[in-house]
Each structure stands twice: as C-alpha cells, then as structure tokens.
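Here is a short set of exercises to work through with the structure open beside you. Try each task before reading its solution.

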Amino acid sequence: MDPIPCPRRRRWRAAVLAAGAAVALLTGLMAPGSARGDVPPPGAGWTLQWSDDFNGAARSLPSEANWQIDTGHNYPGGPANWGTGEVQNYTASPDNLSLDGSGNLRITPLKDGAGNWTSARIESRRADFKAPAGGTLAIEGRIQMPNVTGDAALGYWPAFWALGAPYRGNYWNWPGIGEFDIMENVNGINSVWGVLHCGVNPGGPCNETTGIGANRACPQASCQSAFHTYRFEWDRAVSPNALRWYVDGQLFHSVDENRVGAEAWANMTSHAGYFLLLNVAMGGAFPDALAGKTPTAATVSGRAMAVDYVAVWTRGGGGGDPGPGTPSTLHLRGDGTLGAGTGSAATTTLSSAGGANHDGTPHNPKTFTASGVNGTYAGGSTQFDLLVDAGTTVANGQQVQVSYDRTGDGTWERVETYAYFATDPVAGYEHYTQARGLKSATGSLGTMTNGKVRVEVWNAIGNGASTLGTGNQSLVRIPFG
C-alpha cells in the first residue's frame with residue numbers, strides 16, 4: 001500500500017462492489033431527465049448559500065468567480081498523479097472543460113494519438129461550506145455520469161466531492177482534514193459510492209485508505225444513462241452529529257460521530273469548512289482495484305460527465321444575520337453589510353493607491369459592517385478569506401483592517417490591521433487570508449453585546465485598481481460563540 005497521504009486513494013475490493021450491488025432498488029422521488037437549467041427552490045426551512053446552474057455560451061469555461069481550475073498531474077508541491085495513481089493530465093481547454101450552452105457543465109476525458117489522456121478538475125473558490133452550530137448543511141448536484149459501460153468504460157472515475165479547507169496549500173494533511181465523497185463511480189458500473197475519509201492513513205477510525213463507504217445502483221435508470229441528484233447532509237442538529245448520503249432523495253449511507261470518535265470528528269469539522277470539487281479522473285487506485293490496470297486499449301475517449309447544477313443550502317442553527325447567536329462566519333456583501341452569504345457571486349472595485357504607500361492606513365476603503373452583534377469570546381483570533389485580483393497590474397497590494405466595537409457605542413476597542421497581500425499580475429482571483437500575519441493590533445477582544453464589526457479593504461500600494469469578491473465569496477470568521 002502506497003503510504004502517501006492524499007485524498008481519494010482507494011483500495012476497494014470486488015466484495016465491496018458485490019455487497020453494494022445487493023442493495024435493493026427503491027422508488028425514486030424524482031424521475032431522471034435532461035438539464036433543468038436552474039437550481040431548485042429551497043425546501044421548507046432551507047436557505048440557499050451558494051449555487052451554480054452552469055448557464056452560459058457553449059464552449060465557455062465555468063464561472064471564474066465560482067470556480068478555480070486545477071491543471072497538470074498534481075498540486076504544486078503535492079504528490080504526483082494527484083496521489084491516486086490516475087494518469088490523465090488536467091487542462092483548462094474547452095475540449096475537456098466547458099459549458100454546453102444547454103445548462104450543463106461537461107467534463108470530457110480525451111485520449112490523443114499517442115495514448116495520453118487529458119481531462120478536467122475544478123474546485124469551488126469558496127472553502128467555508130460548513131453546517132451551522134445546531135443546524136444542517138446540504139450539498140447537492142444533479143449529474144449524469146459519463147455514458148459508457150463495459151470494457152469501453154474501464155478507467156473512468158467521475159466524482160463530486162468536498163475537501164477540508166486546510167488542505168489548500170498543504171496537500172499533505174489528508175485525511176485528517178476530512179473528505180466527503182458525495183458521488184463517485186468507476187468503470188461504468190451502475191452504482192454510486194458515498195464515502196467518508198478522516199483520521200489517519202493507513203488505518204484509523206475511517207479505515208484508510210478505503211474510507212467508510214457504501215454504494216447502491218441508481219434508481220429507475222442507470223447512473224450512466226440519465227441525470228440523478230446526489231446529495232450530502234452534515235447534521236449538527238442531532239446528537240450524535242451525523243453525515244448522510246442520498247441519491248434521488250433516497251438515503252443509502254450514513255456515519256455519525258460515535259462511529260469515528262470525538263478526536264477524528266473534531267479534526268474534520270472544527271476548521272473553516274469545505275470546498276467542492278468536480279472531476280473525471282482516468283485510471284488510478286479505485287478503478288484499478290476492481291478491474292486491474294486501467295485505462296486499457298478498449299477504453300473509449302470522449303464520454304463526458306454532465307453537471308446540471310451544484311447548490312449548497314443550510315437549515316437552522318446560527319446561519320442568519322448578526323444578532324443574538326451571531327454566526328461566526330460573516331460574508332462581505334455588495335450592500336456594505338456583513339452577514340450570511342447572498343447565494344450569488346458579486347464583485348466590487350478597490351480604488352488605486354495612486355502609486356503612494358498606504359500600508360497600515362485605510363485609503364478609500366470598501367467598508368462592510370455588521371451591527372447588533374452578540375457573542376461570548378472564549379479565545380481564538382480573527383480569520384478571513386478574501387478573494388482579490390489585481391488583473392495584470394504589477395505590484396498592487398490589498399490590505400484589510402478588522403475592527404470590533406464591543407458595545408455599539410462607537411468606540412472600537414479592538415483594531416487589527418493585517419500585512420498587505422501582493423497579488424500577482426495575472427488575471428484571476430487569489431486568496432488573501434490571515435496567514436499573511438498581523439501588521440498591528442490595538443486593544444483586546446471580549447464579549448460582544450449589541451456590538452459592531454467593521455471590515456475595511458483597500459489597495460495599500462500600487463498604481464491600479466483591484467477587484468474584491470463579494471456576495472457569497474469573501475468572508476471573515478469572528479471568534480465569538
């Protein structure tokens with residue numbers, strides 16, 4: 001067994017498949033069909049936090065505001081072949097990754113004349129998807145797996161999944177940070193796998209590298225021949241907390257906190273949250289375990305995974321706007337407020353520093369404020385994840401200041417100014433986080449009673465404007481419960 005700790009490394013055996021195939025089919029709640037072109041309305045009590053319905057012109061790339069594209073055979077500094085032994089090269093080519101003009105995202109593996117495979121993999125820019133305290137998170141996608149079966153499908157490995165935010169920039173802390181495989185399939189088998197990865201590798205409470213998984217056939221029509229809805233729920237409203245997997249509304253897998261133990265559960269749930277991934281790999285540990293070395297000469301090229309929509313909802317808990325029980329995660333919203341994500345991506349422009357140096361002093365900042373904030377401070381520090389982009393401008397640096405007025409009387413008892421972030425001169429969002437470090441801090445944190453939180457973002461240096469993601473993108477996590 002390869003000891004490299006990395007996500008989606010499997011050692012499945014035929015016995016697992018046989019056991020899953022024995023699960024009886026149930027009556028589906030929704031008939032499979034073509035792309036809807038929209039995201040379904042929230043169910044009773046649910047609030048939409050983020051979504052993408054993949055509407056757009058044919059051969060255009062998915063929304064840059066919502067997704068980042070992985071390329072090559074590994075993350076920079078991460079294990080080769082994405083740690084799973086898969087053989088494809090991920091690209092940003094519309095041949096591998098594009099909207100189809102009919103409301104779907106299509107990820108298409110292709111084999112060239114020399115036998116080399118290419119495909120695509122994308123990640124949500126947001127990495128804070130998390131069940132609110134006392135509430136529930138739901139992640140859902142309506143997907144048609146690559147429509148290929150038998151020998152022609154050997155090596156196909158489509159997936160819809162989520163990884164713990166701390167994985168970004170580390171790439172060696174799996175599986176402790178957690179992984180939720182919402183939908184996986186290999187080799188064109190009519191089955192969906194749902195898997196939890198956690199703890200340590202190998203072994204541990206999640207039996208790595210296999211994970212804790214279950215599988216079943218898709219209801220009514222095969223997984224390959226039709227769209228099906230794949231849903232994952234993280235429920236913090238029950239004791240013990242629980243994770244659940246569904247296909248077309250039918251529960252087929254669940255894991256609760258007692259099964260993995262308090263330590264492993266805390267390690268995978270107490271961080272900032274999760275980001276989402278969609279990809280089609282070719283070959284690797286999971287498909288190889290069931291069929292020998294894949295892909296083979298019989299594997300056909302060009303069968304796409306189609307994604308109608310992806311959506312994230314929350315229900316209950318502290319997920320509303322600031323007030324009694326203020327949530328710890330506050331998004332920077334287009335109206336200048338801080339609160340729950342708006343459900344859609346937006347942007348605002350940071351004015352140029354004009355070639356002057358405004359390091360440490362807000363200069364024409366964009367300001368975002370939450371009022372009526374209540375919470376008990378029990379230690380910890382401010383965290384943030386701001387999506388910023390200076391386009392092709394050279395030597396721009398964005399800076400953030402976070403201030404706390406603990407009683408709402410107009411006095412900012414705590415002011416934190418973070419070191420500015422020098423964006424690269426390449427178009428595309430980058431993540432500015434608290435990891436840049438504090439430049440200065442005054443005062444102290446303490447219990448908030450009808451208080452205020454203010455976030456100011458500006459260009460500290462440079463001679464060009466920058467873009468700041470708002471709506472459901474940039475966020476600040478305040479240390480209050």
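**Exercise 1: Two sides of a helix**

On helix α3, the face turned away from the buried side carries the exposed residues Ala-262 and Glu-263. Keep in mind that this is a predicted model.

*Task.* Find which residues of helix α3 are buried, and work out why they lie on the same side of α3.

*Solution.*
- Step 1. Helix α3 spans residues 262-269, and its buried residues are Ala-264, Trp-265, Met-268 and Thr-269.
- Step 2. These four cover an arc of only 115° around the axis, which puts them on the same side of α3.
- Step 3. The general rule helps here: an α-helix has 3.6 residues a turn, so residues three or four places apart point the same way.

**Exercise 2: Classifying ring pairs**

*Task.* Of the 19 aromatic pairs in the whole structure, take Trp-82 with Tyr-90 and decide how their planes are arranged. Then do likewise for Phe-232 with Trp-245.

*Solution.*
- Step 1. The ring centres of Trp-82 and Tyr-90 are 5.5 Å apart and the planes stand at 55°, so this pair is tilted. Planes over 60 degrees apart would count as edge-to-face.
- Step 2. Check the surroundings: Trp-82 is buried at a relative accessible area of 4%, and Tyr-90 is buried at 1%.
- Step 3. For Phe-232 and Trp-245, the centres are 5.1 Å apart and the planes at 65°, so the pair is edge-to-face. Phe-232 sits in strand β14 and Trp-245 in strand β15, 13 residues apart. Both Phe-232 and Trp-245 are buried.
- Step 4. Now widen the view: ring pairs link Trp-82 and Tyr-90 with Tyr-75, Tyr-167 and Tyr-171 into a cluster.

**Exercise 3: Reading a sheet**

*Task.* In the open sheet of 7 strands, which are the edge strands?

*Solution.*
- Step 1. Write down the order, β2-β8-β17-β10-β11-β12-β13, and note that the pairing is antiparallel.
- Step 2. The edge strands are β2 (67-70) and β13 (212-216), as each pairs on one side only.
- Step 3. Neighbouring strands in this sheet are turned against each other by 15° on average, direction ignored.
- Step 4. Look at the β13 end: 5 bridges join β12 (residues 192-197) to β13, and Leu-196 stands opposite Ile-212 in β13.

**Exercise 4: Charges in company**

*Task.* Among the 14 salt bridges in the structure, are the partners Asp-128 and Arg-126 buried or exposed? Ask which parts of the chain are linked by Asp-359 and Lys-439, too.

*Solution.*
- Step 1. Start from the principle that side chains of opposite charge can pair when their charged atoms come close.
- Step 2. Asp-128 and Arg-126 have their closest N and O atoms 2.8 Å apart. Asp-128 is buried, at 7% relative accessible area, and Arg-126 is buried as well, at 6%.
- Step 3. For Asp-359 and Lys-439, the closest N and O atoms are 3.3 Å apart. Asp-359 lies in the loop between β21 and β22, and Lys-439 in strand β28, 80 residues apart. Asp-359 is partly exposed at 28%, and Lys-439 is partly exposed at 44%.
- Step 4. Salt bridges that share partners join Glu-140, Arg-231, Glu-233, Asp-235 and Arg-244 into one network.
- Step 5. Follow Arg-231 once more: this residue also lies over the face of Trp-46, at 5.1 Å from the ring centre.

Key: Residues are numbered from 1 along each chain as its sequence is written. This is a predicted model: local features need pLDDT of at least 70, side-chain atom pairs count only at pLDDT 80 or more; totals for chains, interfaces and linings use all residues. Side-chain values use heavy atoms; hydrogens and water are left out. Buried means under 20% relative accessible area, exposed over 50%, partly exposed in between (1.4 Å probe, protein chains only). The arc is that of the directions from the helix axis to the C-beta atoms. Rings of Phe, Tyr and Trp (its six-membered ring) pair if their centres lie within 6.5 Å; planes under 30 degrees apart count as stacked, over 60 as edge-to-face and the rest as tilted. A charge sits over a ring if NZ of Lys or CZ of Arg is within 6 Å of the ring centre and within 35 degrees of the ring normal. Two strands pair if DSSP finds at least two bridges between them. Axes are lines fitted to C-alpha atoms, for helices over the stretch in contact, and angles run from 0 to 180 degrees between N-to-C directions. A salt bridge is a side-chain nitrogen of Lys or Arg within 4 Å of a carboxyl oxygen of Asp or Glu.
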